[in-house]
Amino acid sequence: MPDEITRNRTHDDQIDHDQTNNDRRRFLRNAAMVIAAAEFITLGSASAESSNVNAPSGSSSKSNTSFAPLKQIDAGLLNVGYAEAGPANGKPVILLHGWPYDIYSFVDVAPLLASAGYRVIVPYLRGYGATRFLAGETFRNGQQSVVALDIVALMDALKIQKAIVAGFDWGARTADIMAVLWPERCKGIVSVSGYLIGSPAANKMPLPPAFEEAFWYQYYFATENGRAGYEKYLHDFNKLIWQTASPKWKFDDATFDRTAASFNNPDHVAIVIHNYRWRIGVAEGEAKYDDLEKKLAERPVVTVPAITMEGDSNGAAHAPAAAYRGQFSGKYEYRLITGGVGHNLPREAPQAFAKAVIDVDGF
């Protein structure tokens, strides 16, 4: 679950957050994380072209429960498990999940895009599902640049030179990172919650208490008790995150359990704990990735075509769209998806997510 206020703030940004702190406290108490409507470009506004965010032709209101048989491929440090849909010669789209989710966040998005002629690749990130490390001695690293490198390696293994990259949570951050470090590999991106690139140094900057409260799990994971607790109560812990991140989404046990199976990956706990500890500077990354992280710490601007999205009932900490608008210099749109949509936006609003992918392809 994100994280998803990037803490690279200027002094003026901090003042702005202090000024709106009362609203955000109320918002956190309601666990809905709904930012004032004036801070967003709504789907029905004149500046957004959203009054007709409809499902692509051939979509269905009935949710899918499975993918075609998964595939496996060696890519970089990993043997990656992934779902694939659509024609082999279609335009490539890579869909990326976050924590604590998995490829089933896209179980309805993938067939929509496949029916529109796209070649859709949905990989398990490191530490999830059928993805495994090729070598037992490889450090179980969860820092942000490494996850992006995994996806570049996957594209190389699949002989995909350029793709639309779309995701949420860790997946949105990965799309952002790929767009700024390897823009030649990205035809466009769709990023839920916007610009999520950060750094351990920036994340040490204190935020108002209401925001820090939303990151409770991050500080819990910084302790050995937190690691042990996450491992012991893995199922219940992640179900709680689902409930608080999407407070209006009435998912059933079967929907959660399909994804929960991916947490049984032998590296899941190690990857998640390292990711969150690295973010706040209580765990080291690997020196060989320092140059990439230095570039990311400078908050480079996304120049490729981009659509950012938000659910109107996202219960995870996230910044208002206006806070990150300046980080996108190419053709850009922001879309607020209404109707009680929470953090797992592709799963809760698959038609809107698929439409964003198709639209960014047309930019």
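In this predicted model, Leu113 belongs to helix α3. The residue is buried, its relative accessible area being 0%. Apart from neighbours within four places in sequence, Leu113 makes contact with Val93, Leu95, Tyr118, Val120, Ala354, Val357 and Ile358. One of these partners, Ala354, lies 241 residues from Leu113 in sequence, yet the two C-alpha atoms are 6.3 Å apart in space.

The protein as a whole may now be set beside this residue. Its chain forms 16 helices and 9 strands. Of its 363 residues, 61% count as buried. Among contacts with a separation of 6 or more, 81% are accounted for by residues 24 or more positions apart. The pairing of Leu113 with Ala354, at 241 residues apart, is one example of a long sequence separation.

A further case is found in strand β9, residues 332-337, where Ile337 lies. Ile337 has a relative accessible area of 5% and is therefore buried, since the limit for that class is under 20%. Between Ile337 and Met309, which are 28 residues apart in sequence, the C-alpha to C-alpha distance is 7.1 Å.

Leu77 offers a loop position for study. It sits in the loop between β1 (71-75) and β2 (78-85). With a relative accessible area of 33%, Leu77 is partly exposed, because this value falls between the 20% limit for buried residues and the 50% limit for exposed ones. Residues up to four places away in sequence being left out, Leu77 touches Arg126, Arg132, Phe133, Leu134, Thr138 and Tyr289. The C-alpha atom of Leu77 is separated by 9.6 Å from that of Leu149, a residue 72 positions away along the chain.

Several loops also contain backbone features that deserve inspection. Trp99 and Pro100 are joined by a cis peptide bond, with omega at about -5 degrees. Pro100 is located in the loop between β3 (91-96) and α3 (109-115), and α3 is the helix that holds Leu113.

Two residues other than glycine have a positive phi. Lys159, in the loop between α4 (144-157) and β6 (163-167), has a phi of about 60 degrees. Asp169 has a phi near 60 degrees and is placed in the loop between β6 and α5 (170-181). Their surroundings can be read from the accessible areas: Lys159 is exposed, with a relative accessible area of 76%, whereas Asp169 is buried, with a relative accessible area of 0%.

Helix α5, on the other side of the loop that holds Asp169, leads to the subject of helix packing. Two packed helices are described by the angle between their axes and the distance between the axes. For α5 and α13 (residues 290-297), the angle is about 95 degrees and the axes are 11 Å apart. The two helices are therefore roughly perpendicular to each other. On the side of α5, the contact is formed by Ile177, Val180 and Leu181, and on the side of α13 by Leu292, Lys295 and Leu296. Sorted by class, the residues of this contact are 5 nonpolar, no polar and 1 charged.

The pair α10 and α11 provides a second packing. Their axes come within 11 Å and cross at roughly 120 degrees, and the helices are therefore oblique to each other. The crossing in which α10 passes α11 is right-handed. The residues of their contact comprise 3 nonpolar, 4 polar and 3 charged. From α10, the participants are His235, Asn238, Lys239 and Trp242; these meet Asp253, Thr255, Phe256, Asp257, Thr259 and Ala260 of α11.

Helix α11 itself, residues 253-260, has as its buried residues Thr255, Phe256, Thr259 and Ala260. Viewed down the axis of α11, these residues fall within an arc of 135 degrees, so they line one face of the helix. The cover over them includes α10 (234-245) and α15 (345-348). Thr255, Phe256, Thr259 and Ala260 are also among the α11 residues that meet α10.

Technical notes: Residues numbered from 1 in each chain as written. Predicted model: local features only at pLDDT ≥ 70, side-chain atom pairs only at ≥ 80, totals over all residues. Heavy atoms only, no water. Buried < 20%, exposed > 50% of the residue type's maximum accessible area, 1.4 Å probe, protein only. Helix = DSSP H or I, 4+ residues; strand = E, 2+ residues; numbered from the N terminus. Arc of directions from axis to C-beta. Contact = heavy atoms within 4.5 Å. Axes fitted to C-alpha atoms, helices over the stretch in contact; angles between N-to-C directions. Parallel < 35°, antiparallel > 145°, perpendicular 65-115°, else oblique. Left-handed = near helix turned anticlockwise from the far one by under 90°. Nonpolar A, V, L, I, M, F, W, Y, C, P; charged D, E, K, R; others polar.
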